[in-house]
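Subject: Structure handover

Hello,

Here is the structure you were waiting for. Please open it alongside this message; my notes on what was found follow below.

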Amino acid sequence: MPADEHSWRQDPQAPAPGTALGPLDALPEGEAKEFRFGEGRRVFSMLAIRRGDAVRAYVNACPHVWLPLTYRHDRVLSEDGRRLICSSHFAEFSVEDGSPLSGPVTPGCRLAAVPVLVDPEGLVRIAS
């Protein structure tokens, strides 16, 4: 299923623009940190990846199988910090833009980005 720039908002549990995820310093380099919104079976899960003072975030769902990238384990960021790796079937996606790097590559098949920003106080927030 192709991901457009607003597809993440279709989930009823998705966080609203402006929602704080926490301070930039709480996001460790070299890890993908999961954030969950909602309860029970209807949880919106996203991964945030810090690279220096920049943060990228994606819906925690492999576009090939719609299982969380973290389905089998939480260590889904490659050693070099450039790729997110699906723990279910090992497809790889670019941290920079969510595009597929290995695994089934079909048009429009990419991770759904969640826009984030670092505000002047150093908090990572959901952008609009």
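A salt bridge is counted here when a side-chain nitrogen of Lys or Arg lies within 4 Å of a carboxyl oxygen of Asp or Glu. By that rule R110 and D97 form a salt bridge, with their closest N and O atoms 3.8 Å apart. The two residues sit in distant parts of the chain: R110 is in the loop between β7 and β8, while D97 is in the loop between β6 (92-94) and β7, 13 residues apart. R110 is partly exposed, at a relative accessible area of 28%, and D97 is also partly exposed, at 38%. Salt bridges that share partners also join R51, R56 and E96 into one network.

Before going further, please keep in mind that this is a predicted model. The protein chain has a mean pLDDT of 90, and 95% of its residues reach 70 or more. Among the elements, strand β7 (residues 100-102) has the lowest mean pLDDT, 90, and strand β9 (residues 123-126) has the highest, 98.

Other salt bridges

The structure holds nine salt bridges. One of them pairs D11 with R42, where the closest N and O atoms are 3.8 Å apart. D11 lies in the segment before β1 and R42 in the loop between β2 and β3, so this pair ties together parts that are 31 residues apart in sequence. D11 has a relative accessible area of 22%, which makes it partly exposed; R42, at 47%, is partly exposed as well. Another salt bridge joins the side chains of E92 and R83, at 3.1 Å from N to O. R83 is partly exposed, with a relative accessible area of 23%. As a general point, side chains of opposite charge can pair when their charged atoms come close.

The β2-β3-β4 sheet

Three strands make an open sheet in the order β2-β3-β4, and the pairing is antiparallel. β2 and β4 are the edge strands, each pairing on one side only. On average, neighbouring strands of this sheet are turned by 25 degrees against each other, direction ignored.

Strand β3 (residues 44-51) is mostly covered, with seven of its eight residues buried. Six antiparallel bridges pair β3 with strand β2 (residues 32-37), and six more, also antiparallel, pair β3 with strand β4 (residues 54-59). I49 of β3 is a useful residue to look up on screen: I49 is the bridge partner of A32, and R56 in β4 is the bridge partner of I49. K33 stands opposite A48 in β3.

The hairpins have different connections. Six residues lie between the strands in the hairpin of β2 and β3, where G38 takes a positive phi near 100 degrees. The hairpin of β3 and β4 has two residues between its strands, and G52 in that turn has a positive phi of about 70 degrees.

The β1-β9-β8 sheet

Here too three strands form an open sheet, in the order β1-β9-β8, with antiparallel pairing. β1 (20-23) and β8 (116-118) stand at the edges with a single partner strand each, so one side of each has no neighbour in the sheet. The twist from one strand to the next averages 20 degrees. β8 and β9 run antiparallel and are joined by three bridges, and R125 in β9 is the bridge partner of L117.

Regards

Note on methods. Residues numbered from 1 in each chain as written. Predicted model: local features only at pLDDT ≥ 70, side-chain atom pairs only at ≥ 80, totals over all residues. Heavy atoms only, no water. pLDDT = per-residue confidence, 0-100. Helix = DSSP H or I, 4+ residues; strand = E, 2+ residues; numbered from the N terminus. Buried < 20%, exposed > 50% of the residue type's maximum accessible area, 1.4 Å probe, protein only. Pairing = 2+ DSSP bridges. Axes fitted to C-alpha atoms, helices over the stretch in contact; angles between N-to-C directions.
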